[in-house]
Amino acid sequence: MTVVTRFAPSPTGFLHIGGARTALFNWLFAKHHKGIFHLRIEDTDRVRSTEAAIEAIIDGLKWLGLDWDGEIVYQFARAPRHAEVVRDLLAAGKAYPCYCSVEELDEMRKAAQAAGKPMKYDGRWRDRDPKDAPEGVKPVIRLKAPQSGETVVVDGVQGEVRVANEQLDDMVLLRSDGNPTYMLSVVVDDHDMGITHVIRGDDHLTNTFRQRQIYDSMGWDAPHFSHIPLIHGPDGAKLSKRHGALGVDAYRDMGYLPEALRNYLMRLGWAHGDDEIISTKQAIEWFDLGGVGRSPSRFDFAKLDNLNGHYLRQADDGDLAASVAERLGKTGDTAALALLTRAMPGLKTRAKNLKELAENAAFYVQPRPLVLTDKAKALIETPEAKALLPKLVAAYGAEIDWIAAKLEERARTFAEAEQVKLGAVAQPLRAALTGSTQSPPIFEVLEILGRAESLARLSDTIV
């Protein structure tokens, strides 16, 4: 059997971080089994579904590196096929028209509330002759669900789960306007697409019992279901925006790398021993549903930051420089890109994300004269610094080998000659070159900036 999975988001908003993890688990499971991974857009809610949301979902998946097989399936376009299945169920006597009015349904709802029970349709049109139908009323079509026994789901994560059929009512398959319901559409699409494994959040578990009844009524083989626990915040509460319930695009904007987010999301609810840093190749080799826990996972930004820092340090300097150049508005500036690439080894060890990396790298490509921070300005404006900097410019102007080791040696010799500590030279030097009091090793900065730019920046501070 070829394993076929799918990710089926509703395009009513961004690609939520929980949805991204669901997509990742489906993608990994298919890749692990050398199977197929499909993308289906469940756009049957025509009021809330938007093109912008569809684009955001597709863009988010592409950024995460989760490629799908074949064309994207759009659920709304398949509505005629969904209605065809309902006609088959009607012909087989496994579905029936229901002419209940809004008032009748409201009475059932109120009675259930009064009894402290969930709303359940009472089946009053289940075996009633359609000739009794009121004139001018368009019926909904309901599934004639079993009223006794149990519906059993053998879940890949939750284990065997049962529900008594008497707790389930005859669900609506087609609305009175002829539009299919979500429950029906999902089953028909999964069947027609040959989905063998449905991996989704455990908030869908109750839906699965109803969907299983549709499979049984049609005589179709149901896929293997696996319901993964939801993601909670660090405090154990439902994930909210303050915890990290953001779109994938927000994580990209915050400077996280896709490989780091993939690694983090994979470990959020799935484990392989004590392994934390897992490459995509290794993840595909190891991933299976047996490693998914039953308890909700807790989102932790500190862990994500640490993981992202690891991937930053491992990343290609040229790739990082290109990302930083884009964030600094230097896309297409070949000189800036070359400078940032040379600077990257000293920068990437000091940052947790691309946003921080870009902030730390900005001084390399800022136009002269630099805008100095208040602390940097204070360092340069001391009488000692004002006396030392012109002499330092002259000393460096005589340096032939513009490399960090030689530049440091020159500074030490200069400090000894001036009878001051090295810090008295290095601190105003850093302020003049970077506009800040913090930077990578300052002699490395001198080498990367080059002779002309370094001397020009130093000269800018001499008044």
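This passage describes a three-stranded sheet, two helices that pack around it or elsewhere in the chain, and one histidine in a predicted model.

The sheet is a convenient place to start. It is open and built from three strands in the order β1-β2-β3, with parallel pairing. Its edges are formed by β1 (4–7) and β3 (73–74), each of which pairs on one side only. Between β2 (residues 36–41) and β3, the parallel pairing comprises two bridges, and Arg40 is found opposite Val73 of β3. Helix α1 (residues 17–32) lies across β1 and β2, and its direction makes an angle of about 165° with β1.

Helix α1 also takes part in the surroundings of α8, a helix spanning residues 258–267. Of the 10 residues in α8, nine are buried, leaving the helix mostly covered. These buried positions are Pro258, Ala260, Leu261, Arg262, Asn263, Tyr264, Leu265, Met266 and Arg267. Their packing partners are α1, α2 (51–64), α7 (248–253), α9 (280–286), β12 (297–298) and α10 (301–314). After α8 comes Gly269, which has a positive phi near 115°.

A last look goes to His191, a residue of helix α5 (residues 182–192). Is His191 buried, exposed or partly exposed? Its relative accessibility is 30%, and because partly exposed covers the range between under 20% (buried) and over 50% (exposed), His191 counts as partly exposed. Beyond its neighbours within four places in sequence, His191 contacts Arg81, Tyr215 and Trp220. Val248, by comparison, lies 57 residues from His191 along the chain, and the C-alpha atoms of the two are separated by 29 Å.

Definitions and conventions:
Residues are numbered from 1 along each chain as its sequence is written. This is a predicted model: local features need pLDDT of at least 70, side-chain atom pairs count only at pLDDT 80 or more; totals for chains, interfaces and linings use all residues. Side-chain values use heavy atoms; hydrogens and water are left out. Two strands pair if DSSP finds at least two bridges between them. Helices (H or I, at least four residues) and strands (E, at least two) are DSSP runs, numbered from the N terminus. Contact means heavy atoms within 4.5 Å. Axes are lines fitted to C-alpha atoms, for helices over the stretch in contact, and angles run from 0 to 180 degrees between N-to-C directions. Buried means under 20% relative accessible area, exposed over 50%, partly exposed in between (1.4 Å probe, protein chains only).
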